[in-house]
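Me: Please set out the protein and its ligand below, and then take my questions in turn.

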Amino acid sequence: SEKKNPVTAAAEKAVEKVQKAMRTGNEIPGAPGPEAVPVAEPTEPREPLPPKPDQRGPDTYSPTGQATGVPQDRVAQDGAYLTTAQGARLHDTDHSLKAGPRGPVLLQDHHLREKITHFDHERIPERVVHARGAAAHGVFRGYGSAAGITKAGFLAEGVETPVYVRFSTVLGSRGSADTVRDTRGFATKFYTQEGVFDLVGNNIPVFFIQDAIKFPDIIHAGKPHPDREIPQAQSAHDTFWDFVTLHTEATHHTLWNMSDRGIPRSYRMMEGFGVHTFRLVNAEGATTLVKFHWKPRLGVHSLVWEEAQLTGGVDPDFHRRDLADAIEAGAYPEWELGVQTFPDTGDHMFEGIDLLDPTKIVPEELAPVRPIGLMTLDANPSNYFAETEQVAFHPGHLVPGIDVTDDPLLHGRLFSYLDTQISRLGGPNFAQLPINRTHAPVNDMLRDGMHQTAVHRGVAPYRPNSADGGCPFLAGADTGAYIEVPAEVPASRKVREAPATFDDHFSQPRLFWLSMTPVEREHTIAAYTFELGKCWETGIKERALRVLANIDPELCSRVATGLGLPAPEATVPLADVAPSPALSQVGQEWPTDGRVIGIVTDGADLDAVRTVRGEILDAGMVPLVIAPAGGKLGLDGDPVTVQRTFTTARSVEFDAVLVAAAPAPAPDAYGARDAKVDDAAAVATAIDPRVLLLVSEAFRHGKAIGAWGNGPAVLEAAGLPAGAAGVATGEPAAVLRTVSQALGA
Ligand code: HDE
């Protein structure tokens, strides 16, 4: 008979012994004496069995073969020699192995096949929604102010928890532009000591649908048309408007999308919302319903639509770049986490608002947002794929102290996210990927599967067992177990129905509309007019107007005028709702950290440029010097580096523009470089037209503009009305003061 592998033979023998011990009640091999380990399942936790003398797991080596001790998830290309994936050193990676220099390539070339095969499989399926994203590492510090309502350890006072936050657009593919009109994802992974908690939210507090079963419908409607696969990352097309006007529970979310919230200035300047109502539970078991809010320290700011569109072409990576640049520069973005709290009275209603309806908000004036912690993003990812692409969020990743409610949208999500990670990340072991690993000890009984990287010991990945000493044990509430709140389930029948409280689709859109300031309403009217103007079917536009009539007659008639269609009457009584000033982005003072100010100069008056640039930096903002050509200005003294040229600068990159001097005519086209240009007519003919475009665009996009020296002549030549709001001229220091104030508003 065949000779057995000694290791297999020994293992079989050990298993036999265990089986025999279990049958006969004898001692278990490798365990302490018979009296210490009874055959019945042990009742006290104890150390797992030591490895058997005949067993060994592989030693841990880094992916590049460094011995243990090297942080495995961070190393790459850190050795002197290029190798294959198996560690064999290579002497040529540029030529395939061939039968002579002009002969055929040989199949035996393992290096060629390994290199190409690996490359062939470099891509994984992109997320079906939220494919385009950018992320950062950071830390969350609990204030302790939530200690009375939740036992979650990471919310206790002073506790610091590492986080990874991924911001995203929803509709576009991975390569689409950042500044499109869309909802933004705001997903936070808290690596707490009690396990991972994911708060998978958006920058808009409501959702298009009330029941998860409608998610494929809204996404199919928003995604590009299936025949031509256009338009990319846009809602301005027939199928989107077809759906949201037939399915009027989408009205509220759509209005938020059409407001300035749909085109944020920066990920750093967005609010975040958990959307659903969650249930917190404290150490005594008392429960409170909450809605989560992230409040950005820099305030909420948006682009204007033309600016967003231009940016999509000029710098499609605008938001991604902005986030990474700010963190690299040490301007760490911060958000306060806050909760609105509601008594858990069983009916899930608060002031007539159904807390289980994800198309509704609770105005902050009715339930203030109480801050419970601060998040600071302080490090960029090292590798986009390993971290931002492979990070896997799930609203079901909860920790003791945080539980869910019966929001039917949330329940669908609790199923969907695990399912999608399995197809996206190729199997069930994605929790082992470095970015997804919990910082709490893991002791699960999940085994094997694609991409298993753990080498599990022990013989009993099942419960109950005695073979592994009964381990692992189950925890109780006093030993940190996650125990679902035994919330009442309403006695009812099985139905496919929504509650009557979900029926009102228009009062909250009206509330949001009435809460906006006139300028925000203008932007919203323009957004609807643009988006519906891009639709082909008149019937869809007409239906959209009927929806708008139920929000507000002015909104409806202004959009109707823009579309050249009659404005219909409302079909429901207009809701009598009080505006919520907290919903407006306008009217508060905010820090200007990280705001970008362009300084146009031809190098003539460098002293003022140097001073202003220094003051901008001191104020924590970013000065970018824009000159006719690259390199440095004022080489004879203290040179000033040019960061943008008239070729590379475009207005959309700047929050404000300062014109230090009317750039002299370029030498090739207009003669002497030091020619002085003082009056608008001369400037208009002599100046580089790109500077005029820069200034006029910045003005059109409502940006602060300043000028000194002969700079005001540029503003005049660019057609800015004299004394226009947001335009400052005079001495450089005073101009900068006025411009900075405008930026903080
Ligand atoms: Fe998601 N959503 N979603 N969603 N969602 C995904 O999970 C889904 C919803 C949100 O940066 C997917 O890993 C269903 C609401 C964010 O990786 C998928 C429903 C909110 C992200 C999925 C919703 C969100 C996702 C796709 C209706 C705000 C990106 C890839 C019931 C509260 C997370 C993935 C990241 C991603 C399903 C509705 C936020 C398919 C079925 C409401 C921020 O599982």
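Me: How far apart are the end C-alpha atoms of residues 83-471?
Reply: This is a predicted model, in which local features need pLDDT of at least 70 and side-chain atom pairs count only at pLDDT 80 or more, while totals for chains, interfaces and linings use all residues. Residues are numbered from 1 along each chain as its sequence is written. UniProt, in an unreviewed entry, lists residues 83-471 as "domain: Catalase core", with positions in the numbering used here, a shortened feature name and annotations that may be inferred rather than shown by experiment. The span is 21% helix and 21% strand (DSSP runs, H or I of at least four residues for helices and E of at least two for strands, numbered from the N terminus), and its end C-alpha atoms lie apart by 42 Å.

Me: Which element gives the most residues to the shell around the ligand?
Reply: The ligand has 25 residues around it, of which R127, H130, G185, A212 and V275 come nearest, a residue being near if its C-beta atom, placed from the backbone, lies within 6 Å of the molecule. Two or more residues each come from β2 (160-169), β3 (184-192), β4 (195-202) and α9 (408-424). The element that gives the most, with seven residues, is α9.

Me: Is helix α10 largely enclosed or open, and why?
Reply: In α10, the buried residues (20 or more other C-beta atoms within 10 Å of their own, all placed from the backbone; 12 or fewer would be exposed, and in between partly exposed) are Q508, P509, R510, L511, F512, W513 and S515. Their cover includes α5 (251-258) and α13 (553-563). Because seven of the nine residues of α10 (residues 507-515) are buried, the helix is, with respect to the rest of the structure, largely enclosed.

Me: Which helix gives the largest share of the largest nonpolar core?
Reply: A nonpolar core is a set of buried Ala, Val, Leu, Ile, Met, Phe, Trp, Tyr and Cys residues joined through C-beta atoms within 7 Å, and the largest has 99 residues, with V165, F197, L548 and V559 making the most contacts inside it. The largest share of this core, six residues (538-549 being the residues of the helix), comes from α12.

Me: What does V165 touch, leaving out residues up to four places away in sequence?
Reply: Contact here requires that the C-beta atoms of two residues, placed from the backbone, lie within 7 Å. With residues up to four places away in sequence not counted, the residues that V165 touches are A135, A136, G138, A187, T188 and L377.
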